[in-house]
Amino acid sequence: MQVNDLLLLSLDENPTTGFQWAVDGGGSDLVELQSSEYLPARESKVGGGGQRVLTFKAQRAGIGQLRLKLWREWQGEPSIVERFTVTLQVRE
């Protein structure tokens with residue numbers, strides 16, 4: 001990535017279960033979350049799943065990890081059922 005580039009991550013999610021994707025900890029200081037949007041699947045019925053689309057913007061050059069977790073926020077860390085980690089390399 002280059003500084004100011006956008007990174008879009010699309011992860012399976014079903015918010016009717018209470019589980020949602022969130023940045024795990026501070027995440028990488030290389031990118032900043034710009035938006036988070038849930039898109040239901042086209043053929044999804046009530047209670048069906050879809051995709052969480054997270055958009056990040058590269059802030060500075062460097063190498064680091066961005067960590068996400070699928071959890072129920074109100075239940076805290078013990079509710080984490082899945083993690084997603086990506087290594088970022090941002091250049092000037």
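Which residues touch the most other members of the largest nonpolar core? The points below address this question and the sheet in turn.

1. The structure is a predicted model. Its largest nonpolar core holds 15 residues, and Phe56, Leu66 and Leu68 are those with the most contacts to other members. Two or more residues come to this core from each of strand 1 (6-13), strand 4 (50-58), strand 5 and strand 6. In soluble globular proteins, nonpolar side chains tend to be buried together.

2. The surroundings of Phe56 deserve separate mention. Beyond residues up to four places away in sequence, Phe56 touches Asp5, Leu6, Leu7, Leu9, Val23, Val31, Glu32, Leu33, Gln34, Leu66 and Leu68. Leu66 and Leu68, named with Phe56 for their contacts within the core, are thus also listed among the contacts of Phe56 itself.

3. Three strands form an open sheet in the order 2-5-6, with antiparallel pairing. Strand 2 (20-23) and strand 6 (82-90) are the edge strands, each pairing on one side only. On average, neighbouring strands of this sheet are turned by 25° against each other, direction ignored.

4. Strand 5 (residues 62-71) and strand 6 run antiparallel and are joined by nine bridges. Within strand 6, Glu82 is the residue that stands opposite Leu70. Strands of a sheet pair through backbone hydrogen bonds, either parallel or antiparallel.

5. On ring interactions, a search of the whole structure returns zero aromatic pairs. A charge over a ring is nevertheless found: Lys69 lies over the face of Trp71, at 3.8 Å from the ring centre.

Definitions and conventions
Residues are numbered from 1 along each chain as its sequence is written. This is a predicted model: local features need pLDDT of at least 70, side-chain atom pairs count only at pLDDT 80 or more; totals for chains, interfaces and linings use all residues. Side-chain values use heavy atoms; hydrogens and water are left out. Two strands pair if DSSP finds at least two bridges between them. Helices (H or I, at least four residues) and strands (E, at least two) are DSSP runs, numbered from the N terminus. Axes are lines fitted to C-alpha atoms, for helices over the stretch in contact, and angles run from 0 to 180 degrees between N-to-C directions. Rings of Phe, Tyr and Trp (its six-membered ring) pair if their centres lie within 6.5 Å; planes under 30 degrees apart count as stacked, over 60 as edge-to-face and the rest as tilted. A charge sits over a ring if NZ of Lys or CZ of Arg is within 6 Å of the ring centre and within 35 degrees of the ring normal. A nonpolar core is a set of buried Ala, Val, Leu, Ile, Met, Phe, Trp, Tyr and Cys residues joined through side-chain atoms within 4.5 Å. Buried means under 20% relative accessible area, exposed over 50%, partly exposed in between (1.4 Å probe, protein chains only). Contact means heavy atoms within 4.5 Å.
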